[in-house]
Amino acid sequence: MSQYDVAVIGSGPGGYVAAIRCAQLGMKTAIIEKYSTLGGTCLNVGCIPSKALLDSSHHYEDAVKHFDTHGIEIPGDVKVNLEKMIARKQGVVDQTTKGIEFLMDKNKINVYEGLGSFKDATHIDIKKNDGKSETIEAKNIIIATGSKPSTLPFIEIDKERIITSTEALKLKEIPKHLIVIGGGVIGLELGQVYKRLGAEVTVVEYMDRIIPTMDASLSKELTKVMKKQKVKFNLSHKVKSVERSGDEVIVKADDKIGQEIELKGDYCLVSVGRRPYTDGLNAEAAGVKIDERGKIEVNDHLQTSTSNIYAIGDVIRGAMLAHKAEEEGTLVAEQLAGQKPHIDYNLIPGVVYTWPEVAAVGKTEEELKEAGVAYKTGQFPMRALGRSRASMDLDGFVKILADKETDEVLGVHMIGARCADLIAEAVTAMEFRASAEDISRMSHAHPTFAEAVKEAALAATDDRALHI
């Protein structure tokens with residue numbers, strides 16, 4: 001029987017990063033993955049393939065709608081070859097997952113393909129896909145089994161017309177009318193992909209706004225922009241049935257006063273969130289407690305109820321984000337090596353990869369009001385930037401929330417071009433407890449989108465933005 005210092009169950013961003021960091025710190029490490037490729041949901045059917053399709057569809061939209069304005073004339077019709085687009089996406093995925101294999105080899109991490117299941121607190125049975133099984137022993141075990149798409153109890157996902165994000169990444173045709181249930185990150189990103197490619201897209205959301213966990217100003221601006229892009233929204237609508245009839249899907253929902261609406265489309269994307277995935281883990285054999293929502297219970301050190309077993313990522317409390325899982329994987333590895341790492345969960349950024357991109361870190365205005373914190377606001381529109389005019393990316397703004405007394409930055413909320421990258425500046429500033437004035441006094445290259453961060457900081461400092 002092979003023996004290890006650490007065994008990691010699951011090879012998504014949390015799992016493989018935890019394995020690499022353990023190996024870097026001198027621990028003999030194994031990683032167990034039930035699928036034939038490493039990388040988990042994120043690399044195979046999540047973050048990476050969705051960004052590939054978002055980029056491809058964005059290029060198409062630019063060619064159709066914007067090239068002419070730039071003086072680029074394309075003779076004849078610009079056509080979508082969806083099969084080729086999906087194949088490029090798969091190529092990106094394959095290259096990325098092979099990169100993880102390389103990292104496992106480089107760090108001398110043993111990879112086991114099969115379903116990892118606890119025999120007891122230090123032994124894991126690995127049921128391989130060929131029916132054989134093997135048991136390994138590990139002093140410490142990290143559970144990184146991730147999550148799967150959720151559904152509603154009355155919806156039957158057939159993976160053909162009524163689909164999850166996994167199927168939406170490999171459709172054989174562009175939908176005529178895609179009905180999206182859920183106005184969160186996944187639904188909006190994939191909805192925008194197919195809208196750009198020519199589908200009619202209708203979003204049905206239970207809450208009174210899209211991206212409801214983010215600052216309300218971001219929801220409002222993104223709704224405005226996506227309506228301009230001809231995406232339809234039914235907010236404050238409770239879906240009550242989803243039925244398939246041949247190639248048609250019929251969705252029925254009640255609005256906020258109880259009136260029924262009926263939507264008909266050829267595809268329905270169910271994107272109502274994700275659920276922790278522990279199927280087949282046999283956690284009880286190791287004494288690992290799972291709460292009523294299916295999440296593995298952990299303490300502040302990410303230890304489960306069994307002291308040598310840890311859990312990270314989507315399978316525990318907190319935001320279901322790849323970069324949050326990575327930080328947790330690193331934290332557990334360094335704790336096992338006797339170090340004292342920390343994570344400030346308030347500073348884990350959230351991003352929506354629509355165009356314009358949406359990004360945020362820290363507290364929302366709603367949270368500050370609820371907590372009774374006195375704060376001030378500085379906001380700057382993207383359209384006032386020279387860089388935005390040059391690229392024709394005029395939508396959006398940067399908003400900075402700072403403590404009214406100390407000027408410390410408490411939250412940064414932005415929507416616009418390249419905000420997924422710009423948010424890192426805000427995370428860095430807040431990690432070092434910068435004031436709005438600190439940011440306002442740092443030189444930002446001109447012309448850049450990042451100048452909006454400086455201008456918003458100037459607005460928050462003493463209402464002294466320069467370019468508006």
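At 0% relative accessibility, C419 counts as buried in this predicted model. The sulfur of C419 also has no partner: the closest cysteine sulfur, in C47, is 19 Å away, which is too far for a bond. Another cysteine, C268, is likewise assigned to the buried class, because its relative accessibility is 0%.

What, then, does C47 bond to? The answer is C42, with a distance of 2.5 Å from S to S. It is worth recalling that a disulfide is a covalent bond between the sulfur atoms of two cysteines. A pair qualifies here because its sulfur atoms lie within 2.5 Å, and by this rule the count comes to one disulfide. The torsion about the S-S bond of C42 and C47 is about -130°, so this disulfide is left-handed. The two partners fall into separate accessibility classes: C42 has a relative accessibility of 10% and therefore counts as buried, whereas C47, at 30%, counts as partly exposed.

Turning to the strands, a convenient place to begin is β4, which spans residues 115-118. Strand β4 runs antiparallel to β5 (residues 123-127), and four bridges join the two. One residue pair to look for in the viewer is S117 with its bridge partner D125 in β5. The connection from β4 to β5 is a hairpin of four residues.

Strand β5 is also paired with β6 (residues 133-143), again in the antiparallel sense, over five bridges. Here I124 has I136 of β6 as its bridge partner. How many residues lie between β5 and β6 in their hairpin? There are five, and G131 in the turn has a positive phi of about 95°.

Further along the chain, five strands make up an open sheet with antiparallel pairing, in the order β18-β19-β22-β21-β20. Which strands form the edges of this sheet? They are β18 (350-352) and β20 (375-381), each of which pairs on one side only. On average, neighbouring strands of the sheet are turned by 10° against each other when direction is ignored.

Within this order, β19 sits beside β22. Six bridges link β19, residues 357-362, with β22, residues 409-416, and the two strands run antiparallel. A handy reference point for this pairing is A360, whose bridge partner in β22 is H413.

How values were computed. Residues are numbered from 1 along each chain as its sequence is written. This is a predicted model: local features need pLDDT of at least 70, side-chain atom pairs count only at pLDDT 80 or more; totals for chains, interfaces and linings use all residues. Side-chain values use heavy atoms; hydrogens and water are left out. Two strands pair if DSSP finds at least two bridges between them. Axes are lines fitted to C-alpha atoms, for helices over the stretch in contact, and angles run from 0 to 180 degrees between N-to-C directions. Buried means under 20% relative accessible area, exposed over 50%, partly exposed in between (1.4 Å probe, protein chains only).
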